[in-house]
Structures are given as structure tokens and as C-alpha cells.
Amino acid sequence: MIKYILWDIDNTLLSFDLAEKAAMTNGFSKFNLDIKDDNALAAYKVINDKYWKRLERGEMTRKQILGDRFREFFDFYNINYDDQMIDDFNLYFQQEVGRQIFFNDKAWDTVGYLNKDYDQYAVTNGSKIAQDAKVVNSGLDKIFKKVFISENLGYDKPYKEFFDLVFEYIGSSKRDEYILIGDSLTSDMRGANNAGIKNIWYNPHAKKNHLDVKLDYTIHTLDQVPEILKKING
């Protein structure tokens with residue numbers, strides 16, 4: 001029987017894409033960066049995603065990716081910078097991401113509905129600065145029993161060690177009591193596989209699963225979650 005729901009935050013409950021766009025646009029303005037290319041945000045997103053995948057594979061540290069993503073992006077647009085500017089822009093960006101709140105469709109209603117029957121937690125690889133602010137500013141701190149941030153735990157999704165610490169804190173090692181809901185095949189769904197728990201892939205854009213990742217359930221809207229849980233729990 002499922003008792004504990006582990007939610008990913010970015011691009012599952014909240015739209016990270018919209019928050020990222022707003023944070024980058026505001027950052028360009030604040031730091032007087034002459035970037036007017038309509039494709040700039042798309043270019044940054046490709047760079048950023050590449051670095052986060054490296055973190056998931058254990059190829060880079062969090063500190064490296066947070067700075068190097070902006071170094072590569074600024075180099076691409078021939079922006080002059082030094083280490084201090086990288087640090088300042090990175091800090092501002094993380095803070096701004098935490099201020100920009102955009103719920104995905106049905107997200108708030110779904111977690112509110114489930115709150116009477118399940119203990120809900122967040123599991124995220126996002127930076128502590130951004131995620132702490134995001135959870136409070138969104139009101140999700142009133143829903144979640146705890147927010148597990150990889151930066152605090154010392155391990156990232158999808159590693160088993162991340163989830164071992166989650167289970168230890170919650171106080172149950174019974175894998176059939178957990179389910180993880182997230183949008184990422186590489187961190188969320190593979191993480192659930194590594195942890196030995198059920199998963200629900202939030203896939204609103206009907207992407208294909210081309211990886212060796214086992215999916216228990218796939219949904220296109222978040223309001224499908226309660227019915228799945230009812231079926232599991234009988």
C-alpha cells in the first residue's frame with residue numbers, strides 16, 4: 001500500500017521552464033548584458049541541461065556546473081566576464097528562480113486533494129537557494145512533510161544513496177509504501193528504479209522512453225495521479 005508520495009518539483013509540480021525564462025531575462029537586464037538574440041534562452045537551456053546531466057552521471061560537482069554553465073553561455077555570446085561576475089550572476093539567477101512561481105496545470109489541486117490521505121515529500125536536485133525559496137513562495141511548504149534537496153543530502157538523484165537517506169528520515173524501509181512522481185527519465189524514473197520503488201512518469205508532451213528505464217505508470221496530466229493511487233491501494 002502506498003503511504004508516501006515523493007514529488008519532483010521542477011517541471012513536475014512547477015514549470016521550471018517559465019521560471020528559468022523569467023530569471024534569465026531579468027538577469028540580462030540587471031547585469032546590463034547586451035543579449036537580444038531571440039534564441040538566447042533556448043541556447044542557454046541546451047547548455048544548462050547538458051551540465052545537469054553530467055551531475056546526474058557523477059561527472060561534475062554541483063559547484064562546477066553552476067558556474068561553468070554560465071561561462072559557456074557567456075563565451076557563446078562573447079560576453080566579457082570574470083569569476084566575480086559569474087558568482088554574482090549565478091547567485092542572482094538562483095534567487096530569481098526561487099521567486100518565479102508557475103504551477104503546472106492541476107498541480108496545486110492534486111497535491112491538495114492527496115494531502116488528506118498521503119504523506120507528501122519533495123525530492124529535488126535543484127539548488128538549495130532556489131528550492132528553499134520556491135517551496136515557501138509557492139505555498140508547497142504547507143503541503144510537504146519535508147523537502148529533500150540533494151545539495152543537503154550529499155547525493156543526487158538518481159543515486160540509491162539519495163533515496164536511502166530519504167527512507168531513513170521518513171522511517172520506513174518498505175519500498176512498496178513509496179511512489180515517485182517526476183518528469184525526468186534520467187533522475188526521477190531511474191532514481192525510482194535504483195531505489196526499488198514504483199514510479200509515475202509525468203509526460204505531458206508525450207515523449208518516447210528510449211532509455212533502459214522501467215516505467216510503472218505514465219500520465220499526461222497530474223490529475224490522473226489520484227486514480228492511479230486508488231488502483232494500487234485497492
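This is a short walk through three places in a predicted model: helix H1, the loop around Ser172, and a surface patch that includes Tyr159.

I'll start with helix H1, residues 16-30. Its 15 residues should span 21 Å at 1.5 Å a residue, and the end C-alpha atoms are 20 Å apart, so the two agree. At the start of the helix, a side-chain oxygen of Ser15 comes within 3.2 Å of the backbone nitrogen of Leu18. Just after H1, Asn32 has a positive phi of about 55°.

Which residues of H1 are buried? They are Phe16, Ala19, Glu20, Ala22, Ala23, Met24, Gly27 and Phe28. Note that Glu20 is on that list. As a reminder, an α-helix has 3.6 residues a turn, so residues three or four places apart point the same way. The cover over the buried residues of H1 includes helices H2 (40-56), H3 (62-76), H4 (83-99) and H6 (128-138).

Next, Ser172, in the loop between H8 and strand S4 (178-182). Is Ser172 buried or exposed? Its relative accessible area is 8%, under the 20% cut-off, so Ser172 counts as buried. Beyond its neighbours within four places in sequence, Ser172 contacts Tyr4, Phe167, Glu177 and Tyr178. A polar atom of the Ser172 side chain also lies 3.3 Å from the backbone nitrogen of Lys174.

Last, the surface. Tyr155, Tyr159 and Leu165 make up a nonpolar patch there, with about 250 Å² of accessible area together. Tyr159 sits in the loop between helix H7 (150-153) and helix H8 (160-170). With a relative accessible area of 31%, Tyr159 is partly exposed.

Key. Residues are numbered from 1 along each chain as its sequence is written. This is a predicted model: local features need pLDDT of at least 70, side-chain atom pairs count only at pLDDT 80 or more; totals for chains, interfaces and linings use all residues. Side-chain values use heavy atoms; hydrogens and water are left out. Patches are made of residues with over 30% relative accessible area and no salt bridge: like charges are joined within 9 Å, nonpolar side chains (Val, Leu, Ile, Met, Phe, Trp, Tyr) within 5 Å. Accessible areas come from the Shrake-Rupley method with a 1.4 Å probe; for residues, only the protein chains shown count as cover. A salt bridge is a side-chain nitrogen of Lys or Arg within 4 Å of a carboxyl oxygen of Asp or Glu. Helices (H or I, at least four residues) and strands (E, at least two) are DSSP runs, numbered from the N terminus. Buried means under 20% relative accessible area, exposed over 50%, partly exposed in between (1.4 Å probe, protein chains only). The expected span of a helix is 1.5 Å times one less than its number of residues. Contact means heavy atoms within 4.5 Å. A polar contact is a pair of N or O atoms within 3.5 Å; within protein, one must be able to donate a hydrogen and the other to accept it, and residues adjacent in sequence count only if both atoms are side-chain atoms.
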